[in-house]
Amino acid sequence: MDSLRMHAQTIIDDTLKQVLPHAAVQRALEGRTFPGKCIVISIGKAAWTMAKAASDLLGNTIDRGVVLTKYDHSQGDIPGFVIAEGGHPLVDENSIAGTEKVLAAVENLTEKDTVVFLISGGGSALFEKPAGSLTLADMQNVTSQLLACGAEITEINTIRKHLSAVKGGRFAELCAPASIIAIALSDILGDYPDAIASGPATADTSTCADTMAVVEKYHLDFPPAVLKQLQEETPKEITNCEMQITGSVSQLCAFAAKAAEKLGYTPLTLSTMLDCEAREAGRFLGSMAKTLEKGEGPVKGPCAILCGGETVVHLTGKGKGGRNQELALAAAPYLDGMENALVAAVGSDGTDGPTDAAGGMVDGSTMTALRQAGLSVDAVLAENDAYHALKAVDSLIITGPTGTNVNDLYFLLFRPSN
């Protein structure tokens with residue numbers, strides 16, 4: 001099992017190296033010239049890394065820049081840039097203060113000027129200015145409800161766009177008449193441009209009717225001011241933005257497959273759009289191990305069953321954890337006693353929920369260790385406390401902030417016993 005763990009860690013390390021944004025940003029900007037001012041705005045969990053790539057390539061042609069990222073995700077000064085950090089997944093006062101710095105940087109631009117807009121996951125929480133009469137408390141209340149109810153990320157962003165003065169194409173309107181070159185790392189299944197970071201520079205395809213459908217579906221209890229703002233429509237036509245997607249979960253899975261193959265596993269990618277309940281995904285991968293152990297299943301011999309996406313968690317307790325940790329923990333009972341299987345789940349950004357872990361890794365010895373620690377998987381999942389359980393049995397994946405964000409990677413490693 002130790003060799004399985006080493007192989008899993010190698011797959012994770014090699015894959016994350018391949019999806020770092022520095023080269024992708026430079027490829028997207030190489031050969032570009034700017035007739036007027038060049039302002040670089042970078043938002044999201046990968047904002048610092050993306051801004052550094054732009055700075056390394058464009059140098060003194062950048063007139064000014066702003067980085068707005070999650071706490072502890074910046075890595076020092078970048079010449080000519082203001083570095084701001086804010087809250088994630090809940091917007092806070094520093095998110096709003098950082099957004100004001102961004103808006104100040106794009107004031108009074110002309111049609112000759114260009115905004116290089118670098119976007120990564122997390123931008124929805126970090127880049128925020130409440131619309132109309134809404135307050136920070138309103139935005140925090142809405143986001144807390146959306147995260148707790150198990151809404152999909154596209155549903156969450158549909159609401160966010162209609163409550164924001166900078167999302168759903170409204171930032172592009174604020175930059176006009178300047179042109180925008182938007183370069184995005186996609187953490188959205190299907191790579192829909194208007195859903196990545198809630199589409200600040202992209203025409204919005206969601207409608208007011210869509211927002212109310214989400215409210216009704218999850219029985220959300222929004223105050224009157226929020227419900228009123230949800231009736232204000234977002235821009236449906238944006239003409240000053242060109243967008244490129246430079247990284248995605250499909251690439252994440254492809255790189256993982258290559259890494260597994262190099263280690264002697266036959267890779268099989270089942271899905272790059274997994275968006276079910278986290279613990280159900282874990283149980284599915286665990287059940288796949290049982291299927292393969294019986295000599296059945298879609299592949300033979302040493303294999304890596306891969307999935308990518310972004311699962312959801314319905315909060316029922318007050319513990320600490322994240323979707324990847326829940327997924328891994330839910331797989332553990334299915335692997336109990338097996339010496340030839342491992343399940344890992346890792347967030348490409350290196351931070352799973354409000355924790356310092358990227359995810360979790362379990363194998364046939366995990367359940368024994370949990371029992372010795374007096375821990376029940378069902379009880380832990382009911383309390384949403386996967387972090388402390390996995391930490392107790394040395395099964396957390398810790399990468400630190402990676403500088404990228406292209407959804408999550410889930411995989412099962414299996415080797416036949418004979």
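## Lysine 45 and its surroundings

In this predicted model, K45 occupies the loop that connects β1 with α3. The residue has a relative accessible area of 9% and is therefore buried, the cut-off being under 20%.

Apart from neighbours within four places in sequence, K45 is in contact with T69, H73, H88, S120, G121, G122, L126, D349, T351 and N405. One of these partners, T69, belongs to strand β2, which covers residues 64-70.

## The parallel sheet

Strand β1, which leads into the loop of K45, is part of an open sheet of six strands. Their order is β3-β2-β1-β4-β5-β6, and the pairing is parallel. At the edges stand β3 (81-86) and β6 (241-247); each has a single partner strand, so one side of each is left without a neighbour in the sheet. From one strand to the next, the twist averages 15°.

Strand β1 comprises residues 38-43 and pairs in the parallel sense with β4, residues 114-119, over six bridges. Within this pair, I43 lies opposite I119 of β4.

## Helices on the sheet

Helix α3, formed by residues 47-58, follows the loop that holds K45 and lies across β1, β2, β3, β4 and β5 (179-185). The helix runs at about 155° to β1.

Helix α4 (residues 93-105) also packs on the sheet, where β1, β2 and β3 are the strands touched. The direction of α4 makes about 160° with that of β2.

Terms used. Residues numbered from 1 in each chain as written. Predicted model: local features only at pLDDT ≥ 70, side-chain atom pairs only at ≥ 80, totals over all residues. Heavy atoms only, no water. Pairing = 2+ DSSP bridges. Helix = DSSP H or I, 4+ residues; strand = E, 2+ residues; numbered from the N terminus. Axes fitted to C-alpha atoms, helices over the stretch in contact; angles between N-to-C directions. Contact = heavy atoms within 4.5 Å. Buried < 20%, exposed > 50% of the residue type's maximum accessible area, 1.4 Å probe, protein only.
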